Every structure is written in structure tokens, then in C-alpha cells.
Amino acid sequence: MKFKNIINKVVLWLPSVIITFFFIPNALDKIVNHNEADKIIANSGIMIGTGVFLLIAIALFLYSRTILIGTLLLSLYMTFIVCIHMYKGKPYEVAILIVMSIVFAAYIRKPQ
């Protein structure tokens with residue numbers, strides 16, 4: 001019975017951990033390498049702010065009492081990324097799947 005509970009916890013948290021492993025390097029890259037070219041917004045302050053915003057959104061997403069706020073912030077960020085990819089003519093299907101997986105992971109952990 002205890003083994004089943006452990007498996008349930010792992011299955012519940014696995015999508016959230018995968019999403020976290022996607023966003024943390026992205027946020028740290030925006031903070032450390034903020035002078036990258038080929039970005040729509042070339043201001044380094046905005047890039048650093050975006051990285052900090054992502055780290056805060058990830059923390060809110062992982063904490064169970066603020067999961068809805070974190071989900072909203074991460075989904076909003078990725079929705080803007082989808083719009084930017086559509087504007088630049090880049091493939092945006094993967095970004096849409098990431099938005100869907102954020103909502104799915106939040107729903108699995110807190111279905112009410």
C-alpha cells in the first residue's frame with residue numbers, strides 16, 4: 001500500500017518536474033546571457049526581468065497553495081511566446097503543447 005502511494009506521488013509530480021526542468025534553464029539563460037541577438041526585445045533589463053519573472057512563476061507553480069497563480073503566469077508567458085513565434089514565422093506548435101502541458105500538470109496536482 002505504501003509503495004502505491006509513492007508511485008501516485010511520483011506520477012502526480014512528474015509533469016511538474018519536467019516543466020520545471022524546461023523553464024529553469026530558460027530563466028537562467030535570460031538572466032546570464034541577456035545580450036543575445038535575434039530577440040524581438042533587445043533590452044537587457046527586460047530580458048533579466050523576464051528571467052526573474054520566470055523563476056518566481058516556477059516557484060509559485062511548485063508550491064501547492066499558489067499553483068493556480070503560477071500556472072496562470074507560466075501559461076501567460078508561453079502564450080506570448082506563441083504569439084511571438086507566429087509573428088516571426090517560426091514553428092509555434094511546440095510552444096502550444098507546452099502551454100497545454102502546464103495546464104495539464106496543474107490539473108493533475110490540484111483538480112479542484
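1. Let me start with the α3 and α4 pair in this predicted model. Their axes come within 8 Å and cross at roughly 170 degrees. An angle over 145 degrees counts as roughly antiparallel, and α3 and α4 are therefore roughly antiparallel to each other. On the α3 side, the residues that meet α4 are Ile67, Thr71, Leu74, Ser75, Met78, Thr79 and Val82. Their partners in α4 are Ala95, Ile96, Ile98, Val99, Ile102, Val103, Ala106 and Arg109.

2. Ala95 is a handy residue to click on if you want to see this pairing in detail. Ala95 sits in helix α4, which covers residues 93-109. With a relative accessibility of 7%, Ala95 counts as buried, because the cut-off for that label is under 20%. Leaving aside neighbours within four places in sequence, Ala95 is in contact with Met78 and Val82. For Val82, the C-alpha to C-alpha distance from Ala95 is 5.8 Å, with their positions 13 residues apart in sequence.

3. Now for the other packing of α3, this time with α1. Two packed helices are described by the angle between their axes and the distance between the axes. The axes of α1 and α3 come within 14 Å and cross at roughly 65 degrees. That makes α1 roughly perpendicular to α3; the class runs from 65 to 115 degrees, so please keep the word "roughly" in mind here. The crossing is left-handed. From α1, Phe23, Asn26 and Lys30 take part, and they meet Leu74, Tyr77 and Met78 in α3. Leu74 and Met78 also appear among the α3 residues that meet α4.

4. Which aromatic rings pair up? A search of the whole structure finds two aromatic pairs. The rings of Phe22 and Phe23 have centres 5.1 Å apart and planes at 80 degrees, so this pair is edge-to-face. Phe23 also pairs with Tyr77, again edge-to-face, at 6.4 Å centre to centre and with 65 degrees between the planes. This second pair links distant parts of the chain: Phe23 is in helix α1 (residues 2-32) and Tyr77 is in helix α3 (residues 67-88), 54 residues apart. Through these ring pairs, Phe22, Phe23 and Tyr77 are linked into a cluster.

5. Are the members of that cluster buried or exposed? Phe23 is buried, with a relative accessible area of 0%, and Tyr77 is buried too. Phe22, by contrast, has a relative accessible area of 37% and is partly exposed; that label covers values between the 20% cut-off for buried and the 50% cut-off for exposed.

6. You may also like the surroundings of Arg109, as there are two charge-over-ring arrangements to look at. Arg109 lies over the face of Trp13, at 3.9 Å from the ring centre. Arg109 also lies over the face of Phe61, where the distance to the ring centre is 5.4 Å. The same residue belongs to the α4 set that meets α3.

7. Two threonines are worth a look as well. Thr20 lies in helix α1 and, at 8% relative accessibility, counts as buried. Beyond residues up to four places away in sequence, Thr20 touches Pro25, Ile58 and Leu62. Thr66 is found in the loop between α2 (44-62) and α3. Its relative accessibility is 18%, so Thr66 counts as buried, with the cut-off at 20%. Setting aside residues up to four places away, Thr66 touches Leu60 and Phe61. Phe61 is also one of the rings that Arg109 lies over.

8. Finally, the overall picture. The protein has four helices and zero strands, and reads α-α-α-α along the sequence. Its C-alpha atoms fill a box of roughly 55 × 25 × 20 Å along the principal axes. Of its 112 residues, 29% count as buried. Among contacts between residues at least 6 apart in sequence, 60% join residues at least 24 apart. The Phe23 and Tyr77 pair, at 54 residues apart, is one link between distant parts of the chain.

Terms used
Residues are numbered from 1 along each chain as its sequence is written. This is a predicted model: local features need pLDDT of at least 70, side-chain atom pairs count only at pLDDT 80 or more; totals for chains, interfaces and linings use all residues. Side-chain values use heavy atoms; hydrogens and water are left out. Rings of Phe, Tyr and Trp (its six-membered ring) pair if their centres lie within 6.5 Å; planes under 30 degrees apart count as stacked, over 60 as edge-to-face and the rest as tilted. Buried means under 20% relative accessible area, exposed over 50%, partly exposed in between (1.4 Å probe, protein chains only). A charge sits over a ring if NZ of Lys or CZ of Arg is within 6 Å of the ring centre and within 35 degrees of the ring normal. Axes are lines fitted to C-alpha atoms, for helices over the stretch in contact, and angles run from 0 to 180 degrees between N-to-C directions. Angles under 35 degrees count as roughly parallel, over 145 as roughly antiparallel, 65 to 115 as roughly perpendicular and the rest as oblique. A crossing is left-handed if the near helix is turned anticlockwise from the far one by less than a right angle, and right-handed if clockwise. Contact means heavy atoms within 4.5 Å.
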